[in-house]
Amino acid sequence: MALIAGLADGTIDTLVSDHDPKSADVKRLPFGQAAEGVVGFETMLPLALAQVHAGKLELMTLLRALTSTPADLLRLPMGRLKEGVQADLVIFDPEKPWRISQDDLVSSAKNMPFDTLPVQGQVWQTVVAGKPLYTAA
């Protein structure tokens, strides 16, 4: 709840995923021996949008925290639509209901606590350097 409050009031201005997929072999161990982390890259947007739908966070605040602010912190010209800047986009429907399924993940890792969770907000396509990289089936 502190993370959401911090994003909403501007104390926190960046939201990122540490995308480092791990195989099931290194995750299916006793907790103290298992590799850290869960799948987050493919679930971050719909999970964050839950706070927008709940009225706890403005959509544009969330989108800035995921795009332009991280780019600005790293002094990268991307993170926004602008002439002369690489066209990296995520086309999504913020209202589309669906259910997270580890079987549908594109990532090589499948470990997460959100399997079967109903969410709202689905990515249709990602575009990197102007070229489609992912398109939903």
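Thr 116 is found in the loop between β1 and β2 of this predicted model. The phi angle of Thr 116 is near 75 degrees, a positive value in a residue other than glycine. Most residues other than glycine have a negative phi. With a relative accessible area of 46%, Thr 116 is partly exposed. A second position of this kind is Ala 129, where phi is near 55 degrees, again positive in a residue other than glycine. Ala 129 belongs to the loop between β2 and β3 and is partly exposed, its relative accessible area being 43%.

The strands flanking these loops belong to an open sheet of 3 strands, arranged in the order β1-β2-β3 with antiparallel pairing. Strands β1 (89-99) and β3 (131-135) stand at the edges and have a single partner strand each, so one side of each is left without a neighbour in the sheet. From one strand to the next, the twist averages 25 degrees. Helix α3 (residues 44-53) packs on the sheet and touches β1 and β2, and the direction of α3 makes about 125 degrees with that of β2. In general, strands of a sheet pair through backbone hydrogen bonds.

The pairing of strand β2 (residues 118-128) with β3 is antiparallel and extends over 4 bridges. Within this pairing, Gln 125 stands opposite Thr 135 in β3, and the bridge partner of Thr 126 in β3 is Tyr 134. The two strands form a hairpin with 2 residues between them, and Ala 129, with its positive phi of about 55 degrees, lies in the turn. As for burial, 0 of the 5 residues of β3 are buried, so β3 lies largely in the open.

The largest nonpolar core comprises 11 residues in all: Leu 7, Leu 15, Leu 45, Ala 48, Leu 49, Val 52, Leu 57, Leu 62, Leu 63, Ala 65 and Phe 92. Helices α3 and α4 (59-66) each supply at least two residues of this core, and the largest share, 4 residues, comes from α3. Such grouping can be set beside a general tendency: in soluble globular proteins, nonpolar side chains tend to be buried together. Among the members of the core, Phe 92 touches Leu 45, Leu 49 and Leu 63 as well as Gln 122, Val 123 and Trp 124, when residues up to four places away in sequence are not counted. Apart from the largest core lies another, of 6 residues, among them Val 39, Ala 109, Met 112 and Val 119.

Helix α4 has Leu 62, Leu 63 and Ala 65 as its buried residues. These residues cover an arc of only 160 degrees around the axis, which puts them on the same side of α4. The elements that cover the buried residues of α4 include α1 (2-9), α3, α5 (68-73) and β1. Helix α5 is also the place of Thr 69. Thr 69 is buried, with a relative accessible area of 17%. Leaving aside neighbours within four places in sequence, Thr 69 is in contact with Asp 13, Thr 14 and Arg 64.

The count of salt bridges comes to 2. In one of them, the side chains of Lys 22 and Glu 36 meet at 3.2 Å, N to O. Lys 22 lies in the loop between α1 and α2 (24-27), whereas Glu 36 lies in the loop between α2 and α3, so the pair ties together parts that are 14 residues apart in sequence. The two partners fall into separate accessibility classes: Lys 22 counts as buried at 17% relative accessibility, while Glu 36, at 56%, counts as exposed. A salt bridge is also formed by the side chains of Asp 72 and Arg 80, with an N to O distance of 3.1 Å. In this pair, Asp 72 is partly exposed, with a relative accessible area of 42%, and Arg 80 is partly exposed, with a relative accessible area of 34%.

Definitions and conventions
Residues are numbered from 1 along each chain as its sequence is written. This is a predicted model: local features need pLDDT of at least 70, side-chain atom pairs count only at pLDDT 80 or more; totals for chains, interfaces and linings use all residues. Side-chain values use heavy atoms; hydrogens and water are left out. Two strands pair if DSSP finds at least two bridges between them. Axes are lines fitted to C-alpha atoms, for helices over the stretch in contact, and angles run from 0 to 180 degrees between N-to-C directions. Contact means heavy atoms within 4.5 Å. A nonpolar core is a set of buried Ala, Val, Leu, Ile, Met, Phe, Trp, Tyr and Cys residues joined through side-chain atoms within 4.5 Å. Buried means under 20% relative accessible area, exposed over 50%, partly exposed in between (1.4 Å probe, protein chains only). The arc is that of the directions from the helix axis to the C-beta atoms. A salt bridge is a side-chain nitrogen of Lys or Arg within 4 Å of a carboxyl oxygen of Asp or Glu.
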